[in-house]
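Good morning, everyone, and thank you for making time for this. I would like to go through one structure slowly, beginning with the place where two chains meet and then turning to a helix and a loop.

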Amino acid sequence: MQAKRTIFPNKILPYMLLVPQLAVTLIFFIWPALQALKSSFEREDPFGFRTTFVWFENYRRLFIDPNYVGSLSKTAVFAFSVTVLSMSLALILAVAVNRVLRTNRLYTTLLVWPYAVAPVVVGILWWFMFNPTIGIAPYLLRAAGIDWNHRIDGTDAMILVIIAASWKQISYNFLFFVAGLQSVPQSLIEAAAIDGAGPFKRFWTIVFPLLSPTTFFLLIVNMNYAMFDTFGLIDATTQGGPAQATNILVYKVYTDGFIGLNIGSSSAQSVVLMIIVIALTAIQFRYVERRVQY
Amino acid sequence: MKKLALLLSTGVIAALAHAPNVAAQTEIAWWHAMDAELGKKLEEIANGFNESQSEFKIVPSYKGTYPETLTAAIAAFRANEQPAIVQVFEVGTGTMMAAKGAVYPVYQLMEDNGEPWDPSGFLAPVVGYYSDTDGNILSMPFNSSTPIMYYNKDVFEKAGLDRETPPKTWAELEAMSRQIMESGAAPCGFTSGWITWVQTENLSAIHDQPYGTLENGFGGLGTEFTFNGPVQVKHWDNLKKWADEGLFEYGGPVGGGDAPPKFYAQECAIYMNSSASRAGVINNSKEFEVGFAPLPYYDDVTTDPKNSIIGGATLWALNGKDPEVYKGVAQFFTYLSQPEVQASWHQFTGYLPITNAAYELGQEQNYYADNPGSDIAIKQITRGTPTANSKGVRFGNLTQARTVVDEEFEAMLAGTKTAQEALDAAVERGNQILRDFEAANQ
């Protein structure tokens, strides 16, 4: 059956309709991106009196700086851990809630709450709980024989920001997984059950593949969240420390540019960050999407 | 209905007719970084000036932390929306001094507007820090501080120590901390805010050790850091050793946000931080008595500790406004330097009195006699004759360099580097930052 095609004779109207969206993209994305590209090739004093063109000096300096290379790997660890942790926990919770029939509304509401909290507030919350001096968590951990001090121990600090970043994102992932699960046709599951497939088998062979568009979408969203949106959280909990242990790329852009007033290096870093994200998204759409069944 | 509209519009016209009288007041924007109690006190000062005359109106606005305020002002300057006055912390001084086209030097501002201006009336270390190589003051001193030591007298007594005798030297501080810990009077000996400023920059000044070449950066842009000398290494080594033993607890990078609660909660008996923390310390220490003392020194390095160095902020006038505005700025600065205004700010906050007259007024008012310890900071920063090493540290991009020092200190605490390695690395990375600054400002 062929859908009816509507033909609009007006040649200009479609472009006119696109103009607002294009204007927004140009002003708020393309133009700043070009500005960043331009200043990444320059060295400038903070007030902008003297600007010199330095070619790739800012980039060259970045990649011989062990701190920057360290920040790259820290970002990878951070983004990967947050994505895996928040998506797997969200899926488990979603499956659990999907089975409870009568009260799932209540559970859903409760589980979605954390998402409404601003990243900075999340940061302060976790900073407070895990503060080596006044926090409840190090106190309990110490009682259990674990010496927690994310002020000095880089691994502790990384664990803290991963947990904090995941905690907030679980809600978001959970919502999408619940919606995805509820659109899985009951008849398929019932048929499989009649054929003798256990709950685990039913989940892996029917539910999970049907969830793949949701999972794929969340994968991209979560990677982007971990790389960009966690800035406020890092600022409130560890400020990239100790000794740069949690200095992920987006936070380094901020500290070098806004605190250190080194605009050239900061721009070069944002360009690198932009390239990474474009590459990641391209890879995901090119290779991962092929395995997705819509 | 029509009548009502008519009445309303007459009202509007009448209001508009009165408006010119209000608009005749020239508004002067003042961006600052003082929040909470300090911010309220600052607004009080602005109101005091506004009420003292009718020509100008100072409009203070809070712009966040010191680095945030500086960044906001620079961004505003680039967009030609800058305030007439901005408060910049001492770390930003090098940056501001290099930005010649952006800054209206205060000595010139006062001269151009015929306001009285006598640099010799200011405390010597304050004048020295904010002057150019020809001795002209470039920014208006406002809130200057220096680090001192606070201690918990009750814990001292519980540990069997004399509650009126704080440690003078680091050796005494170590012994007393150990006694405090071992007696169970408190779980930790001491903590400190600002590792960079208190335990590195001030440590160097007090022991007359160079922090960098060219008179700690006062002499020009081609300077290099040299704070990896034996005294600094020895001190960092000790801090690491004491941290491992639990005598010293680290309070975090930059200002050291975890340090004050450790002191307030009576976990650490001794706490080193800015004299401007005084109001906060007293307010938060209602359950025990606080003592005040100068920073300790190593008596095997020097028997004659030098003056400590300055922190806090000054007010910079930014270029690009009407002459009328600068007339108001100059008058406001004159108002600010009045002994009454200064003394009240200093006594309320714990910042230094920036003029000799304000200090003398405090003495006349018996303020220091009534509040023991409140003059420790002034005495410490004015003791002896300042040397090239104790004048202060003034480097471009010092904010970034301080971040590096913090990071290397943390690496040392985590045990990945020795004190010598950490300080060497900080100097090397810091020099790179200085070269960047030099290249950008030539």
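Before I name any pair of residues, let me fix one term: we speak of a salt bridge when a side-chain nitrogen of Lys or Arg lies within 4 Å of a carboxyl oxygen of Asp or Glu. Please also keep in mind that what you see is a predicted model.

With that cut-off in hand, look at Arg78(B) and Glu44(A), whose side chains meet in a salt bridge with a distance of 3.0 Å from N to O. The rule finds three salt bridges across the interface of chain A and chain B, while over all chains the count comes to 33. Another salt bridge joins the side chains of Asp258(B) and Arg151(A), at 2.7 Å from N to O. This pair also crosses between the chains, running from the loop between strand S8 and helix H12 of chain B, where Asp258(B) sits, to the loop between helices H6 and H7 of chain A, which holds Arg151(A).

How much area do chain A and chain B bury between them? The value is about 2700 Å², and 57% of it is on carbon and sulfur atoms. Phe47(A), Thr133(A) and Arg151(A) supply 25% of the area that chain A buries against chain B, which is more than any other three residues supply. In terms of contacts, 29 residues of chain A touch 36 residues of chain B. The rule for polar contacts finds seven residue pairs across this interface. On the side of chain A that touches chain B, strand S1 and helix H12 each supply at least two residues, and H12(A) gives the most, with three. That side of chain A divides into 14 nonpolar, nine polar and six charged residues.

Let us now follow chain A into helix H7, which covers residues 154-182. At 1.5 Å a residue, its 29 residues should span 42 Å, and because the end C-alpha atoms are 41 Å apart, the two values agree. H7(A) nevertheless bends by about 30° at Gln169(A). At the N-terminal end of H7(A), Asp153(A) acts as a cap, with a side-chain oxygen 2.8 Å from the backbone nitrogen of Thr155(A).

Finally, in chain B, where is Asp118(B) placed? Asp118(B) is in the loop between helix H5 and helix H6 of chain B, and its side chain makes a polar contact with the side chain of Ser120(B) at 2.7 Å.

Technical notes. Residues are numbered from 1 along each chain as its sequence is written. Chains are lettered from A and ligands numbered from 1 in the order in which they are written. This is a predicted model: local features need pLDDT of at least 70, side-chain atom pairs count only at pLDDT 80 or more; totals for chains, interfaces and linings use all residues. Side-chain values use heavy atoms; hydrogens and water are left out. Helices (H or I, at least four residues) and strands (E, at least two) are DSSP runs, numbered from the N terminus. The expected span of a helix is 1.5 Å times one less than its number of residues. The bend at a residue is the angle between axes fitted to the seven residues ending there and the seven starting there. A polar contact is a pair of N or O atoms within 3.5 Å; within protein, one must be able to donate a hydrogen and the other to accept it, and residues adjacent in sequence count only if both atoms are side-chain atoms. Contact means heavy atoms within 4.5 Å. Buried area is the accessible area (1.4 Å probe) that two parts lose on being put together, summed over both. Ala, Val, Leu, Ile, Met, Phe, Trp, Tyr, Cys and Pro count as nonpolar, Asp, Glu, Lys and Arg as charged, and the others, Gly among them, as polar.
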